[in-house]
Amino acid sequence: MSTRIASDIEDVDWAAVRADLVADAFDNGRTPAALRRSFAASQHVAIAWDDDLVVGTARLLSDGVCNAYLVDVWTRSSHRRQGVATAMLRDLMARVPGQHIGLQTDHAQALYEALGFQPQPEMWSTVVGTWLDNDANRGE
């Protein structure tokens, strides 16, 4: 398999990506347009392509100085355990030298540990109001 990692999101078919996310039980309710906006607003993105098929996504939210947060790391089920996520993460990590990268995961601890991540004591979070109920998700 020859997967390539790109930072350009122009050619991404977000409806197809969302359908794949749903099929892989990785969908969190964003519409294709909201997915596009999420990736477009991120400082760094990595899209894994196998020919013309998106087979992985990842993005970093970063202040450009010292802190970044890794989100939306997904590999299409047909391409898992083939180094796709590792390639995307290494690509993103190379773009934020000297920065702390945080993330939250329920299932991929071994992947992140192999890349040098260490568990932190705890993470706290909240949703302000109702999940996805905001101006960015209205009027699509």
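**View 1. His44 in strand S2 of the predicted model.** His44 lies in strand S2, which covers residues 44-50. The model is predicted. His44 has a relative accessibility of 13% and therefore counts as buried, since buried means under 20%. Leaving out residues up to four places away in sequence, His44 touches Ala58, Arg59, Leu60, Leu92, Arg95 and Val96.

**View 2. Leu60 and its contacts.** His44 is one of the residues in contact with Leu60. When neighbours within four places in sequence are set aside, the other contacts of Leu60 are Ser42, Gln43, Ala68, Tyr69, Leu70, Leu92, Val96 and Ile101.

**View 3. The buried face of helix H3.** Helix H3 spans residues 84-94, and Val84, Ala85, Met88, Leu89 and Leu92 are buried in it. Seen down the axis of H3, these buried residues fall within an arc of 120°, so they line one face of the helix. In an α-helix there are 3.6 residues a turn, so residues three or four places apart point the same way. Arg90 and Ala94, on the other side of H3, are exposed.

**View 4. What covers helix H3.** The buried residues of H3 are covered by elements that include four strands and a helix, listed here:
- strand S1 (3-6)
- strand S2, which holds His44
- strand S3 (53-62)
- strand S4 (67-75)
- helix H4 (109-114)

**View 5. The largest nonpolar core.** The largest nonpolar core has 17 residues, and Leu60, Leu70 and Ile101 touch the most other members. S2, S3, S4 and H3 are the elements that give two or more residues to this core. With four residues, H3 gives the most.

**View 6. A second core.** Separate from the largest core is a second one of 13 residues. Its members include Ala6, Val17, Val45 and Val54.

**View 7. Helices H1 and H2 packed together.** Two packed helices are described by the angle between their axes and the distance between the axes. For helix H1 (residues 14-23) and helix H2 (residues 32-40), the angle is about 100° and the axes are 8 Å apart. H1 and H2 are therefore roughly perpendicular to each other. On the H1 side, the contact is made by Trp14, Ala15, Arg18 and Leu21. On the H2 side, Pro32, Leu35, Arg36 and Phe39 take part. Sorted by class, the contact of H1 with H2 has six nonpolar residues, two charged residues and no polar ones.

Notes: Residues numbered from 1 in each chain as written. Predicted model: local features only at pLDDT ≥ 70, side-chain atom pairs only at ≥ 80, totals over all residues. Heavy atoms only, no water. Buried < 20%, exposed > 50% of the residue type's maximum accessible area, 1.4 Å probe, protein only. Contact = heavy atoms within 4.5 Å. Arc of directions from axis to C-beta. Axes fitted to C-alpha atoms, helices over the stretch in contact; angles between N-to-C directions. Parallel < 35°, antiparallel > 145°, perpendicular 65-115°, else oblique. Nonpolar A, V, L, I, M, F, W, Y, C, P; charged D, E, K, R; others polar. Core = buried A, V, L, I, M, F, W, Y, C linked by side-chain atoms within 4.5 Å.
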